[in-house]
Amino acid sequence: VWSIRHLREAAEADGKAKRTLDKLKLFREFYILVVLYVYFTRIIVYLVRATLPCEKAWLARCISEVASFCFYSLVGFKFRPREDNPYLKVSEEDEDNSAIELAEELREPP
């Protein structure tokens, strides 16, 4: 939490810190989703299974499957391919440096 606050302040001045802040926020959301999924499927589903009569035991399995579907759908939505994906961005500096290095390698005689 403190690193997000610190990066938010640094992001106002630096574009690289903003990109790191976006990645950190995405990771935090993913972490919360995983924790909620694990607790829900292990604790809540167990409590439902324990309190239901035998004829309705299938409901616990159904609830578990719906929770799994929701979890995987949300993760797929969060990490879907998009234009502003922070994990696929290549910095401008890296492109410029690699282009210069490639041009120098092509000019050097073997």
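Select Glu65 and Arg61 to begin: their side chains meet in a salt bridge, with 3.3 Å from N to O. The model is a predicted one. Both residues belong to helix H3, and they sit four residues apart, about one turn of the helix. Colour the pair by accessibility and the two partners fall into separate classes. Arg61 counts as exposed, at 56% relative accessibility, whereas Glu65 is partly exposed, at 42%. The cut-off behind this is 50%, because exposed means over 50% relative accessible area and partly exposed covers the range from there down to the buried limit of 20%.

**The second salt bridge**

How many salt bridges does a search of the whole structure find? There are two. For the other one, select Lys78 and Glu29, whose side chains meet at 2.8 Å, N to O. This pair links distant parts of the chain: Lys78 is in helix H3 (residues 58–78) and Glu29 is in helix H2, 49 residues apart. Lys78 is partly exposed at 29% relative accessibility, and Glu29 is also partly exposed, at 33%. Side chains of opposite charge can pair when their charged atoms come close.

**The whole chain**

Zoom out and switch to a cartoon view. The chain has four helices and zero strands, and reading along the sequence gives the pattern α-α-α-α. Of its 110 residues, 17% count as buried. Helix H2 covers residues 15–51, and helix H3 covers residues 58–78. Most of the stops below are on these two helices.**Aromatic rings**

Next, show the side chains of Tyr37 and Phe71. The structure holds five aromatic pairs. In this one the ring centres are 4.4 Å apart and the planes are at 15°, so the pair is stacked. Planes under 30 degrees apart count as stacked. The two rings join distant parts of the chain, with Tyr37 in helix H2 and Phe71 in helix H3, 34 residues apart. Are these two residues buried or exposed? Tyr37 counts as buried at 18% relative accessibility, and Phe71 counts as buried at 11%. Add Tyr72 to the selection: Tyr37, Phe71 and Tyr72 form one aromatic cluster.

**Thr41 and Ser64**

Move to Thr41, which lies in helix H2. Thr41 is buried, with a relative accessible area of 8%. What does its side chain reach on Val38? The side chain of Thr41 comes to 3.3 Å from the backbone oxygen of Val38. Thr41 also makes a polar contact, side chain to side chain, with Arg42 at 2.8 Å.

Now add Ser64, whose place is in helix H3. Ser64 is buried too, with a relative accessible area of 15%. Draw a C-alpha to C-alpha distance between Ser64 and Thr41: they are 5.8 Å apart in space and 23 residues apart in sequence.

**Ala60 and Ile44**

Select Ala60, another residue of helix H3. Ala60 counts as buried because its relative accessibility is 1%, and the limit for buried is under 20%. Then pick Ile44. The two residues are 16 residues apart in sequence, and their C-alpha atoms are 9.1 Å apart.

**The nonpolar patch**

Keep Ile44 selected, and turn on the molecular surface. Ile44 is one of the residues of a nonpolar patch on the surface. To show the whole patch, select Phe27, Tyr31, Ile32, Val35, Leu36, Tyr39, Phe40, Ile43, Ile44, Tyr46 and Leu47. Together they have about 1,100 Å² of accessible area. Tyr31, a member of this patch, lies in helix H2.

**Cysteines**

For the last stop, select Cys62 and Cys70. Which accessibility class does each fall into? Cys62 is partly exposed, with a relative accessible area of 35%, and Cys70 is partly exposed at 39%. The structure holds zero disulfides.

Notes:
Residues numbered from 1 in each chain as written. Predicted model: local features only at pLDDT ≥ 70, side-chain atom pairs only at ≥ 80, totals over all residues. Heavy atoms only, no water. Patch = residues over 30% accessible without salt bridge, like charges linked within 9 Å, V, L, I, M, F, W, Y side chains within 5 Å. Areas by Shrake-Rupley, 256 points an atom, 1.4 Å probe, with all protein chains shown as cover. Salt bridge = Lys/Arg side-chain N within 4 Å of Asp/Glu carboxyl O. Helix = DSSP H or I, 4+ residues; strand = E, 2+ residues; numbered from the N terminus. Disulfide = S-S within 2.5 Å. Buried < 20%, exposed > 50% of the residue type's maximum accessible area, 1.4 Å probe, protein only. Polar contact = N/O pair within 3.5 Å; in protein donor to acceptor, adjacent residues only side chain to side chain. Phe/Tyr/Trp six-rings, centres within 6.5 Å; stacked < 30°, edge-to-face > 60°.
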